Amino acid sequence: MSVDQKAAHFVGGKTRYPSLSLDSDRGNEHTLSWSNKGNNIQPIRSLEKLYRMLFKKESHLSRGLAERELTDRRSILDLAKTQADRFKKGLGKSDCDKLDQYFTSVREFEKRIEQSSLWLDKDKPVTGYALPEGADSLTLKERTPLFYDLMTLALQTDSTRVISLAFTNLGKENGGFENVKQGYHTLSHHGQVKSAIDELSIIETFHIDQYSRFLEKLKHIIEPCGKSLLDSTMALLGSGMSNANSHSNRDLPILLAGGGFVHGQHRHYARSGKQSTPLCNLYLSMLQNFGLEIDHFNTSTGTLTGLEKIG
């Protein structure tokens, strides 16, 4: 189960969307989000769809369609459970256990349907923000700040409290970056060729700048409690590889901002013999800070040492 979905499960129906899984690339099948059953959660790749989900007022027609869709899903689940109950009578223990896992997934799906039903009659927040026309046809360079804008608004309006955003490709025309001639994946396998590293640096410098811009936006939004939105938001930037050229996932470059932690420092968690510090130690610390009362997550061996809260 991915860390965002662990947090989303904790949020439940408190927000319109327990989580938003986003991906800037419209042409791949990658995902950052995985359910507790190991199923991948397909991300939202369209800015226009994301905007509609967050702010578009439902018409009587669209509300009726959504209501019928939820009803149809309930009917399908009822039929599936009835058939499974009959099937279960002739199974052994091992197969019964597998079927029970299936029922657990069904119950979770039922819960999501009920949560969606509760939000049908609640108005979406009003915002003066508007996407540029044809947003989904823009280059990656042009679309990236728009993703961050909508993420900021989603958090500010409490439409969700959990968001993941993936950048996995450049898309058409090399993402709109000047002096970039090759694809992102190709450049990551640079082979120490200076020209490839230079092109890769253009892309990754852009992503750092956009992340910084996102943090600044959060910092300047003051919540009713008097704190900035950044103070109550953990923003994590990272990669699954430290050196894609050799496919290494050791010493991952991870940047954490906000969330009320003490920042302004660099920490290196070096390998000691065969022991290394799992990234899940950071995830566990973040989940605890989010409010979960847990002492283990995935491959964690404890919370991340040296990560302290302000005050």
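How many helices and strands are there in the protein? In this predicted model, there are eight helices and four strands, and anyone who follows the chain from its beginning meets them in the pattern α-β-α-α-α-α-β-α-α-β-β-α. The protein has 311 residues, of which 36% count as buried. Among the contacts between residues at least 6 apart in sequence, 60% join residues at least 24 apart.

A good place to begin is helix H5, which spans residues 140-156 and packs with helix H7, residues 194-219. Two packed helices are described by the angle between their axes and the distance between the axes. For H5 and H7 the angle is about 25 degrees and the axes are 10 Å apart, which makes H5 roughly parallel to H7, because angles under 35 degrees count as roughly parallel. The crossing of these two helices is right-handed. On the side of H5, the residues that make the contact are Lys141, Thr144, Pro145, Tyr148, Asp149, Met151, Thr152 and Leu155, while H7 contributes Phe206, His207, Gln210, Tyr211, Arg213, Phe214, Lys217 and Leu218. Sorted by class, the residues where H5 meets H7 comprise eight nonpolar, four polar and four charged ones.

Which residue forms a salt bridge with Arg213? The partner is Asp149, and the closest N and O atoms of the pair are 2.8 Å apart. This pair links distant parts of the chain, since Asp149 belongs to helix H5 and Arg213 to helix H7, 64 residues apart. The two partners can also be described by their accessibility: Asp149 is buried, with a relative accessible area of 8%, because buried means under 20%, whereas Arg213, at 29%, counts as partly exposed.

Asp149 also meets the side chain of Lys217 in a salt bridge, with 3.6 Å from N to O. Lys217 lies in helix H7 and Asp149 in helix H5, so this pair ties together parts of the chain that are 68 residues apart in sequence. Lys217 is partly exposed, its relative accessible area being 30%.

The structure holds five salt bridges, and one of them can be found between Asp158 and Arg161, whose side chains meet at 2.9 Å, N to O. Both residues of this pair can be placed by accessibility, with Asp158 counting as partly exposed at 33% and Arg161 as partly exposed at 38%. Returning to the helix pair, salt bridges that share partners join Asp149, Arg213 and Lys217 into one network.

Helix H5 has another neighbour to consider, namely helix H2, which covers residues 47-55. At what angle do the axes of H2 and H5 cross? They cross at roughly 15 degrees and come within 11 Å, which makes H2 roughly parallel to H5. The crossing of H2 and H5 is left-handed, whereas that of H5 and H7 is right-handed. Here Leu47, Leu50, Tyr51, Leu54 and Phe55 in H2 meet Arg143, Leu146, Phe147, Leu150, Leu153 and Ala154 in H5. The residues of this contact divide into 10 nonpolar, no polar and one charged, while the contact of H5 with H7 has eight nonpolar, four polar and four charged residues.

The backbone offers a further detail to look for. Most residues other than glycine have a negative phi. Asp251, however, has a positive phi of about 55 degrees although it is not a glycine. This residue lies in the loop between strand E3, residues 234-237, and strand E4, residues 255-258. Asp251 counts as exposed because its relative accessibility is 51%, and exposed means over 50%.

Where does Asn298 lie in the chain? It lies in the segment after helix H8, which runs over residues 279-290. Asn298 has a phi near 55 degrees, a positive value in a residue other than glycine. Asn298 is partly exposed, with a relative accessible area of 46%.

Terms used:
Residues are numbered from 1 along each chain as its sequence is written. This is a predicted model: local features need pLDDT of at least 70, side-chain atom pairs count only at pLDDT 80 or more; totals for chains, interfaces and linings use all residues. Side-chain values use heavy atoms; hydrogens and water are left out. Axes are lines fitted to C-alpha atoms, for helices over the stretch in contact, and angles run from 0 to 180 degrees between N-to-C directions. Angles under 35 degrees count as roughly parallel, over 145 as roughly antiparallel, 65 to 115 as roughly perpendicular and the rest as oblique. A crossing is left-handed if the near helix is turned anticlockwise from the far one by less than a right angle, and right-handed if clockwise. Contact means heavy atoms within 4.5 Å. Ala, Val, Leu, Ile, Met, Phe, Trp, Tyr, Cys and Pro count as nonpolar, Asp, Glu, Lys and Arg as charged, and the others, Gly among them, as polar. A salt bridge is a side-chain nitrogen of Lys or Arg within 4 Å of a carboxyl oxygen of Asp or Glu. Buried means under 20% relative accessible area, exposed over 50%, partly exposed in between (1.4 Å probe, protein chains only).
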